[in-house]
Amino acid sequence: MVKLNKIYTRTGDDGTTGLGTGARVPKYDLRVDAYGAVDETNAAIGLARLHLSGEVVLDAMLMRVQNDLFDLGADLCVPPKADEAAGAALRVIPAQVSRLESDIDLLNAELSPLTSFILPAGSPASAHLHFARTVCRRAERIMVELSHQPDESVGGPAIHYVNRLSDLLFVAGRYANARGAADVLWVPGASRT
C-alpha cells in the first residue's frame, strides 16, 4: 500500500522524476507525459462529478473510472520490458476494458441516435465530461506515440482502455444532458452570414 509521510522530496529539483522501476528520467519524457495526461483526465472527471447531482449510476461509473486511471498511471510508470525483469507490476487488464463497454451500452440504451455532431455544451456536467473526453484523447495520442518509440512499449489493454474511456465520456456527456434531450447540435456554417 502507498504511504506518503513527506510530500516534497527535492529529488525532482534537477528536472528529473522517478519511474516505478526507480530509474530517473527527464520530466519531459514521453512516458511521464503519458501518465501526466492520464492524471489530468482523472482530475477533469473529478470536476465533472461535482456537477452530477442525482446521477447516482453515472457517478458510480465515473468513480470506478477514476480508480482505474490510477491503475493506468501505475501501468505506465513501469515500462513493460522493465516489468519482465523486475517481476509483477499493476497492469490494466481486458476486464477493465470490458467493464467500460458494458457501461457505454447501459448509458447509450437511454439515448436517441445522433442526427448531427454535438457541441461540448449543455449542462455543466456535460461540458466537463466533454472536456475530460478531450484530455483523454490527448492521453491516448501520447500513449500511442510512446508505444511506437524505439525500445518503448505500452500494453495493449492500456491503450484499449483509454480509447474506450473517451467513448464512455462522450456517451456520459450526452447522458448528463438530460439523456441527450439537452444536447447542443452543431449547425454547419451557421455563423458564415
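# A walk through the predicted model

Start with the whole protein chain: of its 193 residues, 39% are buried, meaning under 20% relative accessible area, with exposed over 50% and partly exposed in between (1.4 Å probe, protein chains only). This is a predicted model, in which local features need pLDDT of at least 70 and side-chain atom pairs count only at pLDDT 80 or more, while totals for chains, interfaces and linings use all residues. Residues are numbered from 1 along each chain as its sequence is written, and side-chain values use heavy atoms, with hydrogens and water left out.

**The overall view**

Switch to a cartoon and you should find six helices and four strands. Both are DSSP runs, numbered from the N terminus: helices are H or I with at least four residues, strands are E with at least two. Following the protein chain from the N terminus, the order is β-β-α-α-α-α-β-α-α-β. Along the principal axes, the C-alpha atoms fill a box of roughly 55 × 40 × 30 Å.

Now turn on a surface. The protein chain exposes about 10900 Å², 58% of it supplied by carbon and sulfur atoms; accessible areas come from the Shrake-Rupley method with a 1.4 Å probe, and for residues only the protein chains shown count as cover. If you draw contacts (heavy atoms within 4.5 Å), those with a separation of 6 or more are 72% from residues 24 or more positions apart.

**Into the core**

Next, select L58, L72, M143, Y161 and L165. These have the most contacts inside the largest nonpolar core, which has 46 residues. Such a core is a set of buried Ala, Val, Leu, Ile, Met, Phe, Trp, Tyr and Cys residues joined through side-chain atoms within 4.5 Å. The elements giving two or more residues to this core are α1 (30-49), α2 (56-76), α4, α5 and α6 (156-175), and α6 gives the most, with 10 residues. In soluble globular proteins, nonpolar side chains tend to be buried together.

Keep L72 selected and show its surroundings. Setting aside residues up to four places away in sequence, L72 touches V38, V92, M143, A158, Y161 and V162.

**Along helix α5**

Select residues 124-147, which form helix α5. This helix has 24 residues and reaches 35 Å from first to last C-alpha, close to the 34 Å expected at 1.5 Å a residue; the expected span is 1.5 Å times one less than the number of residues. Its buried residues, among them A132, H130 and M143, pack against α1, α2, β3 and α6.

Stop at A132, which counts as buried because its relative accessibility is 0%. Beyond its neighbours within four places in sequence, A132 is in contact with T41, A44, I45 and L169. Then move to H130, also in α5, which counts as buried at 2% relative accessibility. H130 touches I118, P120, F170, G173 and R174, not counting residues up to four places away.

**Salt bridges**

Color the charged side chains next. Side chains of opposite charge can pair when their charged atoms come close. A search of the whole structure finds 12 salt bridges, each a side-chain nitrogen of Lys or Arg within 4 Å of a carboxyl oxygen of Asp or Glu.

- **D75 and R91:** the closest N and O atoms are 2.9 Å apart. D75 is in helix α2 and R91 in the loop between α3 (80-86) and α4, 16 residues apart. D75 is buried, with a relative accessible area of 2%.
- **R179 and E110:** these side chains meet at 3.2 Å, N to O. R179 is in the loop between α6 and β4, E110 in the loop between α4 and β3, 69 residues apart. Add E55 to the selection: E55, E110 and R179 are linked in a network of salt bridges.
- **D167 and R137:** the N to O distance is 3.6 Å. D167 lies in helix α6 and R137 in helix α5, so this pair ties together parts 30 residues apart in sequence.

**Last stops: surface and loops**

Select F117, L119, V184 and W186 to see a nonpolar surface patch with about 390 Å² of accessible area together. Patches are made of residues with over 30% relative accessible area and no salt bridge; like charges are joined within 9 Å, nonpolar side chains (Val, Leu, Ile, Met, Phe, Trp, Tyr) within 5 Å. F117 lies in the loop between α4 (94-108) and β3 (118-119) and counts as exposed at 62% relative accessibility.

Finish with two backbone angles. D151, in the loop between α5 and α6, has a positive phi near 60° and is not a glycine. A178, in the loop between α6 and β4 (184-185), has a positive phi of about 55° and is not a glycine either.
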